[in-house]
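Please read the following note with the structure open beside it. It takes up a sheet and two backbone positions in turn.

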Amino acid sequence: MKLFRYQNFIKESKEDIDYTGVIKRKCKKFGIKNYTINEDSTIDVDGDVNLHRDRLTKLPLKFGKVSGDFSCHRNQLKSLSGAPLSVGGDFSCYSNELKSLSGAPLSVGGGFSCSYNQLKSLEGISGRISGVIYCYNNQLRDVKGVKDGWLGDFGVDGNPVYEIFKLFPRDNWDEVIEILNEYEVIRDNGNLIILQRLEQVFLDLGLEVPEIEEIEGYKIHF
């Protein structure tokens, strides 16, 4: 019995050592330095992580905290599973095949770039982003994922919802996001606009209400 338990202990210990070895080999392969392996097999990195242009279909490691920038753009990612919980600098996942931002960092100290994907929603985007949000050229029909109180520049050109944003001065876009969401201006899975509520957005911002008869790509409830 003692021998059996000892053999199991040796086996389990070997598996732990081997898994740590796998993490170290992957870190070496992708040029990741100054890292710490946590008990849950995630890694914290003191510095930047650059995984761009590596033809990745998934992230090769599970990250905890990254103090610098985290770049995984220009790959073939279909998921952000394994992405850091927090990023001290910029987070960029643009030019992939993402349909969801599930798994995105909970906090980003810099900008957040998810342009050129297949996103229909910003649900899952961090509630704490200090810099610019770039989501150009996706399939976004609303901005419900962006949390209230976010203040900063917003790049939404090349999406259906841009047809709404271009009605407003760009300097007001952060406020437009908050009020659009608060008043639930966009309904029916991003297909319908409640005109009276949209007009109220202009009034709240102290802007002249334009005559709106149609907005490309949306039905309007007058």
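The numbered points below comment on a predicted model.

1. The sheet. Three strands form an open sheet in the order 13-14-15, and the pairing within this sheet is mixed. Strand 13 (186-187) and strand 15 (219-221) stand at the edges; each has a single partner strand, so one side of each is left without a neighbour in the sheet. As general background, the strands of a sheet pair through backbone hydrogen bonds, either parallel or antiparallel.

2. The pairing of strands 13 and 14. Strand 14 covers residues 192-194 and runs antiparallel to strand 13, to which it is joined by 2 bridges. On the side of strand 13, Arg187 has Leu192 of strand 14 as its bridge partner.

3. The helix across the sheet. Helix 4, made up of residues 195-204, lies across strand 13, strand 14 and strand 15. The angle between helix 4 and strand 14 is about 60 degrees.

4. Arg55. The student should note the backbone here: Arg55 is not a glycine, yet its phi is positive, at about 55 degrees. Arg55 belongs to the loop between strand 3 (49-50) and strand 4 (63-66). Is Arg55 buried or exposed? Its relative accessibility is 71%, and because the cut-off for exposed is over 50%, Arg55 counts as exposed.

5. Tyr116. A positive phi of about 55 degrees is also found at Tyr116, which is not a glycine. Tyr116 is placed in the loop between strand 9 (112-113) and strand 10 (128-129). With a relative accessible area of 47%, Tyr116 is partly exposed.

Methods
Residues numbered from 1 in each chain as written. Predicted model: local features only at pLDDT ≥ 70, side-chain atom pairs only at ≥ 80, totals over all residues. Heavy atoms only, no water. Pairing = 2+ DSSP bridges. Helix = DSSP H or I, 4+ residues; strand = E, 2+ residues; numbered from the N terminus. Contact = heavy atoms within 4.5 Å. Axes fitted to C-alpha atoms, helices over the stretch in contact; angles between N-to-C directions. Buried < 20%, exposed > 50% of the residue type's maximum accessible area, 1.4 Å probe, protein only.
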